[in-house]
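Please open the model in your viewer and keep a selection tool to hand, since this tour goes from one residue to the next.

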Amino acid sequence: MPENSEKNLSVLGFMRNRRSVPAKTMSGPGPDASEIADMAAIASRVPDHGKIAPWRFIEYSDRAKKALGEAILARALEKDASLDGDLAEIELTRFTRSPTVIGLISTPKQHPKVPVWEQELSCGAVGMNWLIAANAHGYDAQWLTEWYAFDEKLQELLGARVGERIAGFIHIGTRTMPKTDRERPELKDIFSTME
């Protein structure tokens, strides 16, 4: 460790135990406008070669979430007319599972030194920062990228412009049941040393 630095044990503990909570198990309260603004500012503090900010965010209002759920259900029924009951309800409530939903939009730009892949990685880092910022504010969060994020007929309705892609949706709220952890990869399977 460098001579003039100290370990931040609270941050290390937080990162060791951070985990997502399923949006379907969230309820209120959700963050207020000032907390969401702070989360957005924190989320944007990522590696960004060229300082081009190849991402943007959309907060969906309650009215927008309800309308999007209806549009997603309608599109799901176009794809499978037999959809009904619980499966139809799942489609209808995709955006109303949690108090707050933030759309994460990948907005790559033509740049002579920054390939699109690197810009997409920056967008991914922003998504992770949204989760960390939400958790640090005391809320639960989950990053979901489900079928409708890739559906060409829904892209514009969800807020994506020409040349953009939806990287996912950050759901933020308060869990209604205890957190459980999932199995993590063994370090020996994912980490190596090149000599």
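A polar contact is here a pair of N or O atoms within 3.5 Å, of which, within protein, one must be able to donate a hydrogen and the other to accept it. The model to which this is applied is a predicted one.

Select Arg18, which you will find in the loop between α1 (9-17) and β1 (26-27). Now add Asn135 to the selection: the side chains of Arg18 and Asn135 are joined by a polar contact of 3.2 Å, and although their positions lie 117 residues apart in sequence, their C-alpha atoms are 7.7 Å apart in space. Is Arg18 buried or exposed? Arg18 counts as buried, because its relative accessibility is 17% and the cut-off for that class is under 20%. To show its surroundings, display Met128, Leu131, Ile132 and Arg184, which, together with Asn135, are in contact with Arg18 once neighbours within four places in sequence are set aside.

Move next to the loop between β3 (100-106) and α5 (116-136), where Val114 lies. Val114 is buried, with a relative accessible area of 3%, and, beyond neighbours within four places in sequence, Val114 is in contact with His49, Gly50, Ile52 and Gln119. If you then pick Ala74, 40 residues away along the chain, the viewer should show its C-alpha atom separated from that of Val114 by 39 Å.

Finally, select Thr107, which is also placed in the loop between β3 and α5. Thr107 counts as buried at 8% relative accessibility, and its contacts, again leaving aside neighbours within four places in sequence, are with Ala53, Pro54, Trp55, Arg56, Gln119 and Glu164.

Definitions and conventions. Residues numbered from 1 in each chain as written. Predicted model: local features only at pLDDT ≥ 70, side-chain atom pairs only at ≥ 80, totals over all residues. Heavy atoms only, no water. Helix = DSSP H or I, 4+ residues; strand = E, 2+ residues; numbered from the N terminus. Buried < 20%, exposed > 50% of the residue type's maximum accessible area, 1.4 Å probe, protein only. Contact = heavy atoms within 4.5 Å.
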